[in-house]
Amino acid sequence: MLGTLALVAGLAIAELVAGSIAGVPTPVVAVGQTVIDVVPPALKDWAIATFGTANKVVLVTVTLSLLAALGAVTGIWALAGRRRAALTMVAAVGGVGLLSVATRPGWSPVDLLPTALAVVVAGAVLVAVPRVVVTRSSDREPGAGSADGEVTPAEPMGIDRRRFLGSGALLGVGSVAGGGLGRLLQRRFEVEGERAALQLPPVGDRLVRPDDVELGIDGLTPFETPATDFFRIDTALVVPQVSTDEWRLRIHGMVDREIEIGFDDLLRRPQSERDVTIACVSNEVGGGLIGNARWQGVLLADLLREAGVDPAAEQLVSRSIDGWTCGTPVATVLDGRDAMLAFGMNGAPLPDRHGYPVRMIVPGLFGYVSATKWVTDIELTTWDAYDAYWIVRGWAEQAPVKTMTRIDRPRNRSNWPAGPLDIGGVAWAVHRGISAVEVRIDDGPWQRCDLAGVPSDDTWRQWHLRWDATPGEHVIEARAVDGAGVPQPSEPRPPAPDGAQGYHRAVITVT
Ligand SMILES: Nc1nc2c(c(=O)[nH]1)N[C@H]1C(S)=C(S)[C@@H](COP(=O)(O)O)O[C@H]1N2
Ligand SMILES: [Mo]
């Protein structure tokens, strides 16, 4: 109980400090973020596979439970007079917190403040509360009356329950109030308000989207994924809140002229708009870690040309404000495709979860080698000079999006009446385009599907086949051919190290 009080008081003061100084991390976030970055890749892959996008909630819950358990033990020690043991525990746990803060990329000493104060407050509670509530035989004469006239039995050491409840209530209420106030104050640092007020400049280089991107069949994935449904993958435990006022991008390394620009500079440059499908390398066959959006931004190649890229530069390393890194082939960025610094998504400013204020988009490459959110630094370098975040963790250096088809209807394990049945989904081979989709039922012949229109080779493509369903259980399989005529690989492979492959299938029952 005392341990919980100390813990809650410590965490509350940390929230209060985090609400007073912009950008400083609370201890739980700092430790959680460090866990994310240091856990072995296998454990992390397991956590993502088991808990999906809830893995971050699980991580915070586990961290808090662990703290609560350690706190309970510490509180018992403190009440039993083992002050030194209790304070050693606080120092040890606090040390882990401080170390976590001080190993974050780009940390500054002020970042230590919430955790340091949490340690001090927790320690003070563990020392002070026993002083007030623990009664020793010397404190009271045996049989002496307490304040309300009750007779307390003689005891060598005991706890004054009333005082304990009193100080506990005081501390508890104080902590909840302080922590709550801290949380409220932290909202000041959220960018949603400025984002809502931001006006995107008009686009000169407009996107031309054909009328037939939608086949108009029920249950097909829409061509444009609404931002609210768009998958989110990143290593950030809390979504970075980056104001356009503070945002700067530096382009440096193997360039003739270093460039540094602010957000307003970006808005003043020629604006482009493109539909681009982005996908995560962790997407399983048939999975949902893929989305298609209309991005507005400036073309990255233009900026790089201004900087003057050294012909010997091979790797473009982009870095986000929270220290995440990404390595993209320079040759890919400069081969004429529409690599962008994007700040608009589907006609609105980028949501914070998707990289507000600015992210990278490179059509045709998996997200971890191209799609840096909250990007603030671009360095031109070589492959030998640097290994980015996921490369160190065993994922492939080169990761073009693989040709893939997903069956969106009928759903796996669904039941249908015999008769005409619409089979459909999306297929993608980002930047190579889709030239054909074929469907096969029960090892029958591959049948050509109808294809929707697309604005470019950089998006997924809806497809559809009407089939006269006959009673029984059926296996539906789909595959695609890319724009260069290369068929989708049939051999199944898991996501690691460079993307899943194989045919998606749906098993249905027709009656
Ligand atoms: N700063 C930052 N950017 C990042 C990541 C990250 O962890 N941190 N993850 C990348 C990965 S692995 C993917 S798949 C895409 C996902 O983009 P989305 O969350 O907007 O869908 O973001 C990329 N950009
Ligand atoms: Mo990803």
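**Group meeting talk: a strand, a ligand and a glutamine**

Hi everyone, let's start with strand β9, residues 340–345: six of its six residues are buried, so the strand is largely enclosed by the rest of the structure. Before I go on, please keep in mind that what you see above is a predicted model.

So, which strands does β9 pair with? One partner is strand β6, residues 290–299, and the two pair in the antiparallel sense over five bridges. If you want a spot to click on there, Gln296 stands opposite Gly344 in β9.

Another partner is strand β11, residues 359–361, again antiparallel, with three bridges to β9. Here you can look for Leu341, which stands opposite Met360 in β11.

Then there is strand β10, residues 348–349, which runs antiparallel to β9 and is joined to it by two bridges. Gly344 turns up again in this pairing, standing opposite Pro349 in β10. β9 and β10 form a hairpin with two residues between them. For those of you who like checking backbone torsions, Asn346 in that turn has a positive phi of about 55°.

Now to the ligand, which I suspect many of you were waiting for. How many residues surround ligand 1? There are 19, and the closest are Phe231, Thr235, His354, Arg359 and Lys373. By character, that shell divides into nine nonpolar, five polar and five charged residues.

Let me go through some polar contacts. His354 has a polar side-chain atom 2.7 Å from an oxygen atom of ligand 1. Arg359 also places a polar side-chain atom 2.7 Å from a ligand oxygen. For Trp324, an N or O atom of the side chain is 3.4 Å from an oxygen atom of ligand 1. As for exposure, ligand 1 taken alone exposes 530 Å², and the protein buries 99% of that.

My last stop is Gln315, in strand β7, residues 315–320. Is Gln315 buried or exposed? Its relative accessibility is 1%, and buried means under 20%, so Gln315 counts as buried.

What does the side chain of Gln315 have for polar company? One of its polar atoms lies 3.1 Å from the backbone oxygen of Tyr386. Leaving out residues up to four places away in sequence, Gln315 touches Gly327, Thr328 and Val330, and also Glu379, Leu380, Thr381, Thr382, Trp383 and Tyr386. Tyr386 therefore appears both in that contact list and in the polar contact through its backbone oxygen, at a distance within 3.5 Å.

That's my tour, thanks for listening!

Notes: Residues numbered from 1 in each chain as written. Chains lettered and ligands numbered in written order. Predicted model: local features only at pLDDT ≥ 70, side-chain atom pairs only at ≥ 80, totals over all residues. Heavy atoms only, no water. Near = heavy atom within 4 Å. Polar contact = N/O pair within 3.5 Å; in protein donor to acceptor, adjacent residues only side chain to side chain. Areas by Shrake-Rupley, 256 points an atom, 1.4 Å probe, with all protein chains shown as cover. Nonpolar A, V, L, I, M, F, W, Y, C, P; charged D, E, K, R; others polar. Buried < 20%, exposed > 50% of the residue type's maximum accessible area, 1.4 Å probe, protein only. Helix = DSSP H or I, 4+ residues; strand = E, 2+ residues; numbered from the N terminus. Pairing = 2+ DSSP bridges. Contact = heavy atoms within 4.5 Å.
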